[in-house]
Amino acid sequence: MPVESGSSAAARQAKQKRKSHSLSIRRTNSTEQDRSGLQRDMVEGQSSDNLESFMRMEDSKLPLSLRSNLLDLFSQIEREFENLYIENLELRREIETLNDRLTAEGQTFEGADLAKGALKTKASHSTSQLSQKLKTTYKASTSKIVSSFKATTSRAVCQLVREYVGHRDGIWDLSITRTQPMVLGTASADHSAMLWSIETGKCLLKYMGHQGSVNSIKFHPTEQMALTASGDQTAHIWRYMVQLPTPQPVADISQTPCEDDVDFSDKDEADGEVEGPNDCPSIRVATTTLRSHQGVVIAADWLVGGKQVVTASWDRAANLYDVETSELVHSLTGHDQELTHCCTHPTQRLVVTSSRDTTFRLWDFRDPSIHSVNVFQGHTDTVTSAVFTVGDNVVSGSDDRTVKVWDLKNMRSPIATIRTDSAVNRISVSVNQKIIALPHDNRQVRLFDMSGVRLARLPRSNRQGHRRMVCCSSWCEENSTCNLFTCGFDRQAIGWNINIPVLLQEK
């Protein structure tokens, strides 16, 4: 009978110990074992495992330092697994508590025996039930919001009617005559101003009296006279006579919902030379020239009655002139930086001027002996334009990407604020529909009501709309075919037909 060596006997004893230890591990249900007992068993098991590992290490040929390092690493790994196991048990208890709560509320599940693997089924089932509850709870309100949004955009129809092409450079400003015959006027950086037939898109007259960029154009309220402001530091008043051509049928353009347009391309088209109208008559001499500014005249407008005009300049002043004598009546100073725009009230002797100093000012000339001024502060960047509306409101647009509606009786804070994603240029307000048209640097034109609610966005794609910065907008209340005009630095003006129902405006 062979004799068993000492090392073999020790190995056999260690193997028996491992077997007896593995058999002595008691599997308990999470509902029957508390945390203290679990930790006590873990400590006892850890001590026996450490002893067993130590015995194995005694038979190992590894150096003592390496064996100690390995024992330390194994102990750390074991502690990490212990923590994860305890955390898992706590999570299982929480899931079980939630399931019991759902069961108490009347929601029963098949297979309640956790020991048979039903815990996973119950957890997934309860999760799906909760998810379904959330979907059911918020589905109605969300659907109402989406449906309301879709209904609004589907009823707001903006149709491109006509394009007015002929300028050789960007168009800064446009305006509609207030008397018959009704024509469209454009002011361009190509040193000219043009008058267009609204119905046919044909150029009727070209004014070429300025030596610099024509920055603004406005028409006399009762006579066939135009007022233009230029970079040559002057403002010109000139008379015109035009004969409208025979209207042509409008091209069949399908109605385009304002919000459903797709921008197929953001790339600018090739800037080829655009040939101006060859048969268009021209005027080269102004009836009246207004001189006194020391900088670019950026804008000009007629006061009510048409006997006086106001001009705004980069020399930080606005001037009030008498039309008949061409004399300077008042110099309106106070802005700290260059002026960007000026506008007059349609029925009262009020003037509003905007500036790069982030403010706009209201000048009151109703009392000849008192010329009061109020300063409106609310923007954080250049105020690009400020215009009067019906009643006692002023709407201002700024490079800070906001448009604000003000009450002249309370100028401390705006009554409405519109926030956009791009700088706002020369805005306009529809008198009849009370809609604000916002031309943007990002080539978009958006429509809002006076309370700041967005109504529509004009369609823009690689087939229609502006391809560069939109500089100005102007409403035409008397024309049913084109009631909104926009112009931009893509050298064209566009006539739009805006159809926004009254119910939509009231919302």
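**Note on the predicted model: strands, ring pairs and annotated spans**

1. Strand β11 (residues 297-302) is joined to β12 by five bridges, and the two strands run antiparallel. Within this pairing, Ala300 stands opposite Thr311 of β12. The hairpin of β11 and β12 has five residues between the strands, and in it Gly305 adopts a positive phi near 100°. The coordinates under discussion are those of a predicted model.

2. On its other pairing, β12 is connected to strand β13 (residues 317-322) by five bridges, again with an antiparallel course. Here Val309 stands opposite Tyr321 in β13. β12 and β13 form a hairpin with three residues between them, and the turn residue Arg316 has a positive phi of about 75°.

3. How many of the six residues of β12 are buried? Six of the six residues of this strand (residues 308-313) are buried, so β12 is largely enclosed by the rest of the structure. In a regular strand, side chains alternate between the two faces of the sheet. Both faces of β12 are covered: on one side Gln308, Val310 and Ala312 are buried, and on the other Val309, Thr311 and Ser313 are buried.

4. A separate point concerns the open sheet of four strands, which has the order β15-β16-β17-β18 and antiparallel pairing. The edges are occupied by β15 (339-344) and β18 (370-377); each has a single partner strand, so one side of each is left without a neighbour in the sheet. From one strand to the next, the twist averages 20°. Strand β17 (residues 359-367) is joined to β18 by seven bridges, with the two running antiparallel. Phe360 stands opposite Phe376 in β18.

5. The aromatic rings deserve a point of their own. A pair of aromatic rings is described by the distance of the centres and the angle of the planes. With ring centres required to lie within 6.5 Å, the count comes to nine aromatic pairs. One of the pairs, Tyr207 with Trp238, is stacked, at 4.5 Å centre to centre and 0° between the planes. This pair links distant parts of the chain, as Tyr207 belongs to strand β5 (residues 203-207) and Trp238 to strand β8 (residues 234-239), 31 residues apart. Tyr207 and Trp238 are both buried.

6. Phe219 and Tyr240 form an edge-to-face pair, with 5.8 Å centre to centre and 75° between the planes. Phe219 lies in strand β6 (residues 214-219), whereas Tyr240 lies in the loop between β8 and β9 (282-283), so the pair ties together parts that are 21 residues apart in sequence. Phe219 counts as buried because its relative accessibility, 1%, falls under 20%. Tyr240 is likewise buried, with a relative accessible area of 3%. Ring pairs link Tyr207, Phe219, Trp238 and Tyr240 into a cluster.

7. Which residues make polar contacts with the side chain of Arg446? The side chain of Asp421 does so at 3.2 Å, and that of His440 at 3.4 Å. Arg446 is found in strand β25 (residues 445-449) and is buried, with a relative accessible area of 8%. Leaving aside residues up to four places away in sequence, Arg446 touches Asp421, Ile436, Ala437, Leu438, His440, Arg454, Ala456 and Arg457.

8. Two annotations can be set against the coordinates. According to the unreviewed UniProt entry, a "coiled-coil region" covers residues 74-101. In the model this span is 100% helix and 0% strand, and its end C-alpha atoms lie 41 Å apart. The unreviewed entry also carries the annotation "repeat: WD" for residues 164-206, 207-238, 290-331, 332-373 and 376-416. Over residues 207-238 the chain is 0% helix and 56% strand, with the end C-alpha atoms 9 Å apart.

9. Finally, some totals for the protein. There are five helices and 29 strands. Of its 507 residues, 47% count as buried. Among contacts with a separation of 6 or more, 54% are accounted for by residues 24 or more positions apart.

Technical notes:
Residues numbered from 1 in each chain as written. Predicted model: local features only at pLDDT ≥ 70, side-chain atom pairs only at ≥ 80, totals over all residues. Heavy atoms only, no water. UniProt positions renumbered as here; feature names shortened; annotations may be inferred. Buried < 20%, exposed > 50% of the residue type's maximum accessible area, 1.4 Å probe, protein only. Polar contact = N/O pair within 3.5 Å; in protein donor to acceptor, adjacent residues only side chain to side chain. Contact = heavy atoms within 4.5 Å. Pairing = 2+ DSSP bridges. Axes fitted to C-alpha atoms, helices over the stretch in contact; angles between N-to-C directions. Phe/Tyr/Trp six-rings, centres within 6.5 Å; stacked < 30°, edge-to-face > 60°.
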